[in-house]
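Trainee: Please take a close look at the charged side chains in this model and at the elements that carry them. I would like one connected account, with each cut-off given where its term comes up.

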Amino acid sequence: MAIGIFRREDYVLAGPVYDDDAQIKGWRPLGGEIEFGERGADALIREMREETNQEVTDVRIIGTLENLYEHHGEKGHEMVLVYEARFANPSIYDADQLAFAEADGLEMQAKWISLPKARAGRIALYPDGLADLL
């Protein structure tokens, strides 16, 4: 998986992560699966285009996280390539939210999440270890 870190001062753009009862349990930066034969940075660019209709620039890797988790009763294991990037359209940084659509067509809103609050444990930022990496 490849995720993008888009910063606005001490905030990062992230979409909601839901628990088994459809309640928001935390936030995850936008991104998605890396297809076979695709480079991680290219996957991030493609995913952002597909999910938000936005172009991104200045993509550079900042780390890798290994994520073991349980979601809807199923155990999962993923390697997450974490990239810093910028939106080509600067007006995105002035908006409070950004609409995006998941692969299943579900439309959601990404919001600017406070990094200091995530580092203090007051907001859950996924995958685990991301707040410390940033």
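**Charged pairs and the strands around them**

Mentor: Both Glu 38 and Arg 46 are buried (under 20% relative accessible area, against over 50% for exposed and the range in between for partly exposed, with a 1.4 Å probe and protein chains only). This is a predicted model, in which local features need pLDDT of at least 70 and side-chain atom pairs count only at pLDDT 80 or more, while totals for chains, interfaces and linings use all residues. Residues are numbered from 1 along each chain as written, and side-chain values use heavy atoms, without hydrogens and water.

These two residues form a salt bridge, with the closest N and O atoms 2.8 Å apart (a side-chain nitrogen of Lys or Arg within 4 Å of a carboxyl oxygen of Asp or Glu). Through shared partners, salt bridges connect Glu 35, Glu 38, Arg 46, Glu 47 and Glu 50 in one network. Within that group, Arg 46 also forms a salt bridge with Glu 35, where the closest N and O atoms lie 3.7 Å apart. This pair links distant parts of the chain, since Arg 46 sits in helix H1 (residues 40–52), whereas Glu 35 belongs to the loop between E5 and H1, 11 residues apart. Helices (H or I, at least four residues) and strands (E, at least two) are DSSP runs, numbered from the N terminus. The two ends of the pair can also be described by their cover: Arg 46 is buried because its relative accessible area is 15%, while Glu 35 counts as partly exposed because its value is 46%.

In total, the model has 7 salt bridges by this rule. Another of them joins Glu 84 to Arg 7, with 2.7 Å between the closest N and O atoms. Here too the link spans distant parts of the chain, with Glu 84 in strand E7, Arg 7 in strand E2 (residues 7–8), and their positions 77 residues apart. Glu 84 is buried at a relative accessible area of 14%, whereas Arg 7, at 26%, is partly exposed.

Glu 84 leads on to the sheet, for it is the bridge partner in E7 of Ile 5. Strand E1 (residues 2–5) and strand E7 (residues 74–87) run parallel and are joined by 4 bridges (two strands pair if DSSP finds at least two bridges between them). E7 also pairs with E6, in the antiparallel sense and over 13 bridges. Along this pairing, Asn 67 has Glu 78 as its bridge partner in E7, and His 71 stands opposite Glu 74 in E7. E6 and E7 form a hairpin with 2 residues between them, and in that turn His 72 has a positive phi of about 55°.

Taken as a whole, the 4 strands make an open sheet in the order E5-E1-E7-E6, with mixed pairing. Its edge strands, E5 (31–32) and E6, each pair on one side only. Strand E6 (residues 56–71) contains one further acidic residue to look at, Glu 70, which is partly exposed because its relative accessible area is 49%.
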